[in-house]
Amino acid sequence: GRTTLLKYNGKWEELNDYGSFRIKQLKTQGNQLNIVTGNVVEIWENDVLVRTVSDPEIVNPQSHTLDRNGKDWVGSFQLGLMSNIQGGFERFSPDGPFSNLAQEARYIKDRMVISGGFYNPDNARQGSRLTGFFEFKGGEWINYNSLDNANSEKIPFTVKDIVASAYDRTTGNKYYSSNGYGLICRDINDVWTLFDETNSTLRNQDPTNNFRAVRVLDAEVDDEGNVWVSNALVPTNFHRYNPETGWTAFTLNGDPANFVIDDVGSKWIRGLPNRSQGIIVFNEDEPAQQKKLGTNPGNGDLPSNRVNAIEKDLLGDIWVGTDDGVAVFFSPENIFSNNPSDAVTPIFQQRPLLRFEKVTSITVDGGNRKWIGTENGVWLFNPDGSEVIENFRENNSPLPSDKIINVGVDPNSGEVFFVTEKGVVSYRGTATEGGETNSGVEVFPNPVPPDYQGYITISGLSSDANVKITDINGRLFYEMTAEGGTAAWNGRDYNGDRPKSGVYLVFSSDDEGNETYVAKIAYLE
């Protein structure tokens, strides 16, 4: 169709015909009308086109405004904020992810990786997003995609819908799953390789190659350095890649999505829910190789065959999120035995955990607590799911949407990243993974601002350490136990009073009672 600019003043009058270009913004400033269309911005006054704002740097503008000095500010879809405030047009790009839309947040090696692609978790539909993935480390973002963009590092081939990431600690290789283009390997020397139907056992859903549908929805690395890859909606749909011996293909009874590997090497795979496929457990070393788990007692006893999330916790138990709440396999190692254990439903407030809720994500933090995402916000439960610690929604937090897609946790800092349908937001959590000794202890925030009301986190502690806060003279203010490797203090003494301004000391003791000074906290008035 055609787009026409019309004016009504007692009768309709046609001012301009834009053909197939869509008008993306109409905005009045004083006596002027700003029109954003195509790759230009038009400035109209008294029904006359007086000026056109265009520049080779401006690609696909979305919005425009004039500042008080008459300088142009243009919002570009791909290049961010543009302005001629200093002469020619240039970009003003704050540090941040390339896109607010994402599929997965996962901590790999030493950074949080946000996969910016898309797959419908019910049926593996693609999104054709060229947004790549975004890495967050040390408070800074680095973006990677296939676009020629000054704000991104270039992936050296075209790839869309990166939906998951994984890391091989042995080789240093990083892997990225593409819903359409296959599996990307980025080695320790930053050499990139794309595996698809031309150089691996992976398969394209369309054998005529009219469209790219090598649907790799997840990849995980086992303890032996094998990379396991789910390849949905094709006959040979599960694959093993070994960097030294190459590729091997397997056929699962179901369409695999994301999965986890348990402590004995079995792969617990979420089947696509639109086919009510429950869980597929696969172990190439077992005589039966695979087992299908559903809602029948003795064969899984899941609360629903529609499984949306699967996670292994720090004890090796397998947590499952369904359309009807949560279930746990407490003995996953015996699933191929003659007497396998069914799933157990944790009880919260006298009923099955999150019954009737569609659970979309389950993530374990450093204290083995469970972050559970739903379509009605996100919950933090204690390790066994019997007590709720936090419940965040749009109406009580900065969450941009109650529909949670994924949750990722930085095990070192405790920072939690929530991927929602309207963007990504992070939260400073109160649990990290602990080691045998204190290592790199950090306090956040430090110094503590005068109006700060949140928790003060002390991370880098030994596992479940006893922590004491004292003043400079040794008077005890507060005592607590770390969650994993992090202690969270509400910033008040036992009487609920905020300490006076000054320096306070943090001491940590181990199981034998050996006490060590580990940090200072500065309070500001």
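Is Asp47 buried, partly exposed or exposed? Select Asp47 to begin: its relative accessible area of 34% makes it partly exposed (buried is under 20%, exposed over 50%, partly exposed in between, with a 1.4 Å probe and protein chains only). A word on what you have open: this is a predicted model, in which local features need pLDDT of at least 70 and side-chain atom pairs count only at pLDDT 80 or more, while totals for chains, interfaces and linings use all residues. Residues are numbered from 1 along each chain as its sequence is written, and side-chain values use heavy atoms, with hydrogens and water left out.

**Salt bridges**

Keep Asp47 and add Lys7: their side chains meet in a salt bridge, 2.7 Å from N to O (a side-chain nitrogen of Lys or Arg within 4 Å of a carboxyl oxygen of Asp or Glu). The pair links distant parts of the chain, with Asp47 in the loop between β5 (40-45) and β6 and Lys7 in strand β1, 40 residues apart. Strands here are DSSP runs of E, at least two residues long, numbered from the N terminus. Lys7 is partly exposed too, at 26%.

Next, pick Asp17 and Arg2, whose closest N and O atoms are 3.3 Å apart in another salt bridge. Asp17 sits in strand β2 (residues 12-17) and Arg2 in the segment before β1 (4-8). Arg2 is exposed, with a relative accessible area of 63%, whereas Asp17 is partly exposed at 36%.

A search of the whole structure finds 21 salt bridges.

**An open sheet**

Now show residues 23-29 and 48-53, which are β3 and β6, the edge strands of a sheet that each pair on one side only. The sheet is open and has four strands in the order β3-β4-β5-β6, with antiparallel pairing (two strands pair if DSSP finds at least two bridges between them). From one strand to the next the twist averages 20 degrees, using axes fitted to C-alpha atoms and angles from 0 to 180 degrees between N-to-C directions. Zoom in on β3 and β4 (residues 32-37), joined by six bridges; Thr28 stands opposite Leu33 in β4.

**The cavity**

Finally, select Val448, Tyr452, Gln453, Gly454, Asn490, Gly491, Arg492, Arg498 and Tyr523, which line the largest cavity. A cavity is a set of points on a 1 Å grid over the protein atoms alone where a 1.4 Å probe fits but cannot get out, and lining residues have an atom within 4 Å of a point. Its volume is about 60 Å³, meaning the space filled by probe spheres set on the points, which are joined across faces, edges and corners.

Notes. On a 1 Å grid over the protein atoms alone, a cavity is a set of points where a 1.4 Å probe fits but cannot get out, and a pocket is an open set with protein on both sides within 12 Å along at least five of seven lines; lining residues have an atom within 4 Å of a point.
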